[in-house]
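Reader: I am in my first year and still learning how to read a protein model. Could you take me slowly through one part of this one, the sheet and the core that goes with it?

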Amino acid sequence: MSVRAGPSPASSDAEALRRAIGACTLCAAQLPHGPRPIVQFSSQSRILIIGQAPGSKVHASGIGWDDDSGDRLRAWLGIGKDVFYDREQIAQMPMGFCYPGKASGGDAPPRKECAPHWHDKVLAHLPENRLTLLVGIYAQQRYLPETRKWSMTERVRRGEEFAPFFPLPHPAWRVRTWMKKNPWFEAETLPRLREKVRRHLRR
């Protein structure tokens with residue numbers, strides 16, 4: 001008679017951490033729409049996406065990158081939703097786990113409490129030989145502090161210098177104008193990105 005193995009200690013620990021993040025109310029008083037933390041990871045995730053913060057549509061659905069920005073990001077990566085939402089392959093850890101509400105000109109910045117409280121705990125569960133995508137200026141400023149005075153364009157243009165990090169612009173609708181001004185991104189950066197993604201997913 002065969003005996004089905006239970007979950008590994010690593011997967012059980014990751015599940016406990018996901019539950020703890022899901023129940024987080026660290027900055028609930030400052031969230032106009034209340035807390036709804038968005039995170040995705042497992043101890044096997046080979047690619048980590050560190051984004052900004054959920055928008056209103058993601059807050060409503062509870063699914064990370066469930067909006068036009070997510071469609072554009074998946075096109076950049078060359079993968080479909082089946083891979084993107086498979087936490088055994090792709091981890092998602094925004095700078096702020098909850099929708100911060102509106103501010104003048106768009107969404108408010110990510111809450112500052114999340115990254116120092118949770119990021120290291122999540123990173124401890126991920127494989128060391130992962131590819132980490134830094135999507136937008138907030139992630140880049142935290143994880144590439146030596147480039148704080150650089151423009152986002154300069155970081156992305158010189159992205160090969162930061163491996164295993166890979167800086168990207170935020171894929172909001174405004175990025176279309178930026179891409180027209182910087183045709184090297186589509187011609188040079190995206191093919192390199194897709195190759196790195198394919199290589200890490202094959203491991």
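Author: What follows starts with the sheet, goes on to the nonpolar cores, and ends with the open and enclosed spaces.

Please keep in mind that this is a predicted model. Four strands make up an open sheet, and if you follow them across you meet them in the order E2-E1-E5-E6, with parallel pairing. The edges are formed by strand E2 (90-92) and strand E6 (165-168), each of which pairs on one side only, and from one strand to the next the twist averages 20°. To look at one pairing in detail, take strand E1 (residues 47-50), which runs parallel to E2 and is joined to E2 by three bridges; within this pairing, Ile49 has Gln92 of E2 as its bridge partner.

Ile49 also leads us from the sheet into the largest nonpolar core, which has 26 residues, and in which Ile49, Leu77, Leu133, Phe185 and Leu193 touch the most other members. At least two residues of this core come from each of several elements, including the strands E1, E5 (131-135) and E6, and the helices H3 (68-77), H4 (81-84), H7 (152-157), H8 (175-181) and H9 (184-202). The largest share is that of H9, which supplies six residues. In soluble globular proteins, nonpolar side chains tend to be buried together.

Leu193 is a good residue on which to pause, since one can list what surrounds it: if its neighbours within four places in sequence are left aside, Leu193 is in contact with Trp76, Leu77, Leu133, Phe166 and Leu168. Apart from this core lies another one, of 22 residues, and among them are Cys24, Cys114, Ala115 and Tyr143.

Two of these residues, Cys24 and Cys114, appear again in the lining of the largest cavity, together with Ile21, Thr25, Leu26, Cys27, Leu31, Pro35, Pro37, Phe97, Cys98 and Trp118. The space in this largest cavity is about 50 Å³, and a search of the whole structure finds one cavity of 30 Å³ or more.

The largest pocket, by contrast, has a volume of about 950 Å³. Its lining consists of 40 residues, and those that lie nearest its centre are Gln52, Ser69, Asp107, His170 and Ala172. Two or more lining residues are given by each of helix H2 (56-61), H3, strand E3 (102-103), strand E4 (106-107), helix H6 (137-143) and H8. If you compare the two lists of elements, you will find H3 and H8 both among those that supply the largest core and among those that line the largest pocket.

Key: Residues are numbered from 1 along each chain as its sequence is written. This is a predicted model: local features need pLDDT of at least 70, side-chain atom pairs count only at pLDDT 80 or more; totals for chains, interfaces and linings use all residues. Side-chain values use heavy atoms; hydrogens and water are left out. Two strands pair if DSSP finds at least two bridges between them. Axes are lines fitted to C-alpha atoms, for helices over the stretch in contact, and angles run from 0 to 180 degrees between N-to-C directions. A nonpolar core is a set of buried Ala, Val, Leu, Ile, Met, Phe, Trp, Tyr and Cys residues joined through side-chain atoms within 4.5 Å. Buried means under 20% relative accessible area, exposed over 50%, partly exposed in between (1.4 Å probe, protein chains only). Contact means heavy atoms within 4.5 Å. On a 1 Å grid over the protein atoms alone, a cavity is a set of points where a 1.4 Å probe fits but cannot get out, and a pocket is an open set with protein on both sides within 12 Å along at least five of seven lines; lining residues have an atom within 4 Å of a point. Grid points are joined across faces, edges and corners, and a volume is the space filled by probe spheres set on the points.
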